[in-house]
Amino acid sequence: MDNDNPGKDLQLIEKYWRHVSSSQGFKYFPLVVSRAKASKVWDINGREYIDFLSSAATYNIGHSNEEVIKAIKEHLDKFIHYCLYLYHEPAIELSELLTEITLGNHRKKVVFGLSGGDANDTALKAAFIYTRRPGVISYTYSYHGTTALGIAVGGSFREEIRKAIPFKDVYFVEYPDTYRCGNIEDPRECGEYHLSKLEDTLKRVNPSSIAAIIMEPIQGDGGVLVPPENYVKGLFKLARENGIIIIDDEVQTGMGRTGKWLAIEHFNVEPDLVVLGKALGGGMPISAVIGRSEILDAAPPQTFFATSAAHALSCVAAIATIKYIKNYNLVEKARELGDYAVKRLNELKEKYEIIGDVRGKGLMIGVEIVKERKQKTPDRKTALKIIWRAWEKGLIMMTYGKYGNVLRIAPPLVISREELDAGINIVDEAIRDVLEGKV
Ligand code: PLP
């Protein structure tokens, strides 16, 4: 037991809410983290949890990864960081690695940032500066971070919040949701339907006023929506024809999570700019925009400078992270374990009417909870009860999606099959307990 005062967690949480703004809070579980390793987390009472959340898809290489810790310790003996007024080797080595793991043979450059949000902001600014166009196309229920532009283009923010940001040239199109595509069952038809909607929007707003389309290749916070391939291909074609830059936001999907280095690789297309964050630093804060040099070099020197960007400690952590993913074949592992998890979750779907859909790629999986399968009526309340019960039984899992009814399954890619099984068994028991009225 790490804590000899049983009420300490609640006291700490009370103190947290006394000082931290509610605008930065989520009230899921009263869990104060004391330790984390690989796919396990311990609270300050010494309780152990399997982590199906990976700190919001950050720990692809597992918590407290020994290679990352070693790299940080070794670097700390030299210096902490020097801003990019000068040069340092970690940033130089990382920039080269980043251009290698991203698609395309064109000349690529990198701009470093600190969070997924600020990197998306940089990508958008680069697109505005390069094209000298004012508009952006984004998606309903998208999430791109909480910078001013991030909120303005973030389809998951409430409209009045989004509209409070004085950037108005954003046009939202619906992200294809093959589970809820009106009466359309066939994914290809769903793709075509949404392409025609996109074409309509482009015609309406005048395509030569649009600098960029910002898109998650698999929509994460929107509830793990995997778009049909014909949609993505058609979207890229439309963008090319109209000189519109495609910003591929891989903050949540990148670094092997979906069974490819980048989720966009599932669709055989090449984006202009790729945005990485979260898992890139193995837990350290770092993000990057990687893409066509003519776009990223269009802004004058220093435009995208930030004092702590390419922080040397984060860079060595990111280098260690990339090497770890390569050396331990985590991209393939995500694919294999993901297929296995989807199979098991589909077995649960056979068992429980309230599972409407199981979907995803690799270890980015969503399980949609509905009142009744035929009607597909979203059931957020039941989903919340399930994650609460799962937490009581030692599993960290949350919900997301446009209706807040999708169980979010994104464990570290280093999770063992036994731990994955144990976690899915808890999901099974939690659903059973909720249906039996025990929660
Ligand atoms: N883009 C996507 C797709 C995300 O899922 C997130 C975070 O959840 C972000 C951007 C924002 O990243 P950060 O929280 O590091 O700013």
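1. At what angle do the axes of helix α4 (residues 89-101) and helix α11 (residues 312-327) cross, and within what distance do they come? In this predicted model, the two axes cross at roughly 40° and come within 9 Å, which makes α4 oblique to α11, given that angles under 35 degrees would count as roughly parallel. The crossing of α4 and α11 is left-handed.

2. The residues that bring these two helices together are P90, A91, E93, L94, L97 and I101 on the α4 side, and A312, C315, V316, A318, I319 and I322 on the α11 side. Sorted by class, the contact of α4 with α11 holds 11 nonpolar residues, no polar ones and one charged residue; E93 of α4 is among the residues in this contact.

3. As for the chain as a whole, the protein has 14 helices and 15 strands. The C-alpha trace spans about 60 × 60 × 45 Å along its principal axes. For 439 residues a compact globule would be expected to have a radius of gyration near 22 Å, and the chain has 22 Å, so the value agrees with that expectation.

4. A second helix pair is formed by α8 (residues 187-205) and α9 (residues 229-241), which pack at an angle of about 25° with their axes 8 Å apart. That angle makes α8 roughly parallel to α9, and α8 passes α9 in a right-handed crossing.

5. In the contact between these two helices, α8 contributes R188, G191, E192, H194, L195, L198, E199 and L202, while α9 contributes N230, Y231, G234, L235 and L238. The residues of this contact divide into six nonpolar, four polar and three charged.

6. A third pair consists of α12 (residues 330-351) and α14 (residues 417-435), whose axes lie 11 Å apart and whose packing angle is about 20°. The two helices are therefore roughly parallel to each other, and α12 passes α14 in a right-handed crossing.

7. On the α12 side of this third contact are L337, Y340, A341, R344, L345 and L348, and these meet R417, L420, I424, V427, D428 and I431 in α14. By class the contact of α12 with α14 comprises nine nonpolar residues, no polar ones and three charged ones.

8. Turning to the ligand, how many residues surround it, and which are the closest? The ligand is surrounded by 16 residues, and the closest are G116, G117, G145, V251 and Q252. Helix α5 (residues 116-131) supplies the largest share of this shell, namely three residues.

9. The class make-up of the ligand shell can be set beside the lists above: its residues divide into three nonpolar, nine polar and four charged. In reading these counts, a colleague should keep in mind that glycine is placed among the polar residues, and that G116, G117 and G145 are among the closest residues to the ligand.

Conventions
Residues numbered from 1 in each chain as written. Predicted model: local features only at pLDDT ≥ 70, side-chain atom pairs only at ≥ 80, totals over all residues. Near = placed C-beta within 6 Å. Helix = DSSP H or I, 4+ residues; strand = E, 2+ residues; numbered from the N terminus. Axes fitted to C-alpha atoms, helices over the stretch in contact; angles between N-to-C directions. Parallel < 35°, antiparallel > 145°, perpendicular 65-115°, else oblique. Left-handed = near helix turned anticlockwise from the far one by under 90°. Contact = placed C-beta atoms within 7 Å. Rg over C-alpha atoms; globule rule 2.2 N^0.38 Å.
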